[in-house]
Amino acid sequence: MSISTHAQAAQDRYFMMLAIEQAKQGQYTARPNPAVGCVIVQNEHIVGQGFHPQAGQPHAEVFALKDAGAQAFGATAYVTLEPCSHTGRTPPCALALINSGVKRVVIAGLDPNPQVAGRGVALLEQAGIEVTVDILTAQAEALNHGFLKAMRTQLPYVRLKIATSLDGRTAMATGESKWITSPASREDVQKLRARSGAIITGSTTVMTDNPQLNVRSHQLGVVLEKIPNPMVVVLDRRARLAYDVQSDYHLCRCAKTLYWREDNLHELLTTLVNDYQCYDVLVEAGASVAGSFLSQNLVDELIVYQAPCLLGSQARAMVDFNPLSLAQQLRFDCYSHETIGADLKLTLLPT
Ligand code: AOF
Ligand code: ZN
């Protein structure tokens, strides 16, 4: 592995950025596989590009090499994830790159999948190809938080989404909550759902809001049918949604629904990774479920859509969580803030 020289580094970052743009095209459809993009560059010109569209389909490198044809010979390939070295649903990309005659491969970051984990780089180097890693690593990894975390820890990446008023309320005392945030925010939530392998909710939310919890936006830049439906997990410790009442609710019929009757959330999360290959999980539930995830430190990212309205002190608080002193508060770093329609969207990372 070599490190880029200063002059080459700027060029490497530029083409890696384009490879990341390619990868984004698979971000809603590739799961449980990671979203990966590849760009092939010959004499500073792009001669091929591709991305991984769906598990079972060829990987990004294969599409890009096909696009480049004979022009791949002597070229540099930019890939957002270490090329695979194993035969899974498809043959190893490292071999496809070697056979194409590329002379250099630039990789954003290594693939933590134990079947790969450095072996892709080793194969390329053994074949005499110059390999550079760690270009725009954080940007490339941001596309695959779930896959990367699951491969490293056997736990999924958990996003907790909460829609609130300015005074942090999520519903009136009666439970009335439709709608606090704007249509634009609700449309934005579709992007969170579309990148999730599973959506976790609570039986109370199902019974009071009767949500569908499916992906139904036509504004995601991909044909809706190509987005796999996230599995729906209903936390139902008291078996309130026993079999005979399940059909009373709207929960998407086309998605697999799991009724979780235990109360061990950590065990649920490892089950989602190991048994269902759900690596990105979205929690859309009420204050009590939100409080459980937060107080057990199971949240990787808190996303708050805050509408510019006040619902008053009788309205429901956003999280059931009662620290006894200021020292027990939960704190976050603000990763990003933006306005969506009339609302403010905050993406927060636990400190
Ligand atoms: C790459 N390029 O575009 C992707 C990679 O079952 P398979 O054959 O599709 O292999 C899936 C694994 O391959 C996945 O878990 C990850 O380690 C890697 N994904 N690798 O070289 C790609 N999507
Ligand atoms: Zn591959």
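1. A word on classes before we start: Ala, Val, Leu, Ile, Met, Phe, Trp, Tyr, Cys and Pro count as nonpolar, Asp, Glu, Lys and Arg as charged, and the others, Gly among them, as polar. With that in hand, look at the shell around ligand 1, which has nine nonpolar, six polar and three charged residues. In total 18 residues surround the ligand, and the closest are Val36, His52, His59, Gly88 and Asn113. Please keep in mind throughout that this is a predicted model.

2. Now for the overall layout. The chain is divided into domain 1, residues 3–143, and domain 2, residues 153–350. Their C-alpha centres lie 34 Å apart. Where the two domains meet, domain 1 supplies five residues to the contact and domain 2 supplies ten. On the domain 1 side, the touching residues are two nonpolar, two polar and one charged.

3. The UniProt record helps with the first part of the chain. Its unreviewed entry lists residues 10–132 as "domain: CMP/dCMP-type deaminase". Over that stretch the chain is 33% helix and 20% strand, and the C-alpha atoms at its ends are 13 Å apart.

4. Helix α2, residues 60–68, deserves a good look. Is it mostly covered or mostly open? Mostly covered: seven of its nine residues are buried. These are Ala60, Glu61, Val62, Phe63, Ala64, Leu65 and Ala68. Among the elements that cover them are the helices α1 (6–24) and α3 (93–100), together with the strands β1 (37–42), β2 (45–51) and β3 (76–79). Just after α2 comes Gly69, whose phi is positive, near 55°.

5. Next, step back to the nonpolar cores. The largest has 44 residues, and those with the most contacts inside it are Cys38, Ile40, Ala77, Tyr78 and Val79. The elements giving two or more residues to this core are α1, β1, α2, β3, α3, β4 (104–107) and α4 (119–126). Which of them gives the most? It is α2, with six residues. Another core, of 42 residues, lies apart from this one, and its members include Ala150, Tyr157, Leu213 and Val281.

6. Cys38 is a nice residue to click on. Setting aside neighbours within four places in sequence, Cys38 is in contact with Ala19, Gln22, Gln49, Gly50, Ala60, Glu61, Ala64, Ala77, Tyr78 and Val79. Three of these names, Ala60, Glu61 and Ala64, should be familiar from the buried residues of α2.

7. UniProt's unreviewed entry also places a "binding site" feature at Ala163, Trp179, Thr205, Asp209, Gly286, Ala287, Ser288, Val289, Ala290, Gly291 and Ser292. These positions are spread over 130 residues of sequence, and they are spread in space too, with up to 24.4 Å between C-alpha atoms.

8. Two of those listed positions are worth following up. Ala163 lies in strand β6, residues 157–164. Why does Ala163 count as buried? Because it has 23 C-beta neighbours inside 10 Å, and the cut-off for a buried residue is 20 or more. Leaving out residues up to four places away in sequence, Ala163 touches Thr170, Ile180, Thr181, Ser185 and Tyr305.

9. Thr205, the other one, is found in helix α8, residues 203–209. Thr205 is buried because 21 other C-beta atoms lie within 10 Å. Not counting residues up to four places away in sequence, Thr205 touches Pro211, Ala285 and Gly286. Gly286 is itself one of the positions in the "binding site" feature.

Notes. Residues numbered from 1 in each chain as written. Chains lettered and ligands numbered in written order. Predicted model: local features only at pLDDT ≥ 70, side-chain atom pairs only at ≥ 80, totals over all residues. Near = placed C-beta within 6 Å. Buried ≥ 20, exposed ≤ 12 C-beta atoms within 10 Å, placed from the backbone. Helix = DSSP H or I, 4+ residues; strand = E, 2+ residues; numbered from the N terminus. Contact = placed C-beta atoms within 7 Å. Core = buried A, V, L, I, M, F, W, Y, C linked by C-beta atoms within 7 Å. UniProt positions renumbered as here; feature names shortened; annotations may be inferred. Domains from an automatic or database assignment.
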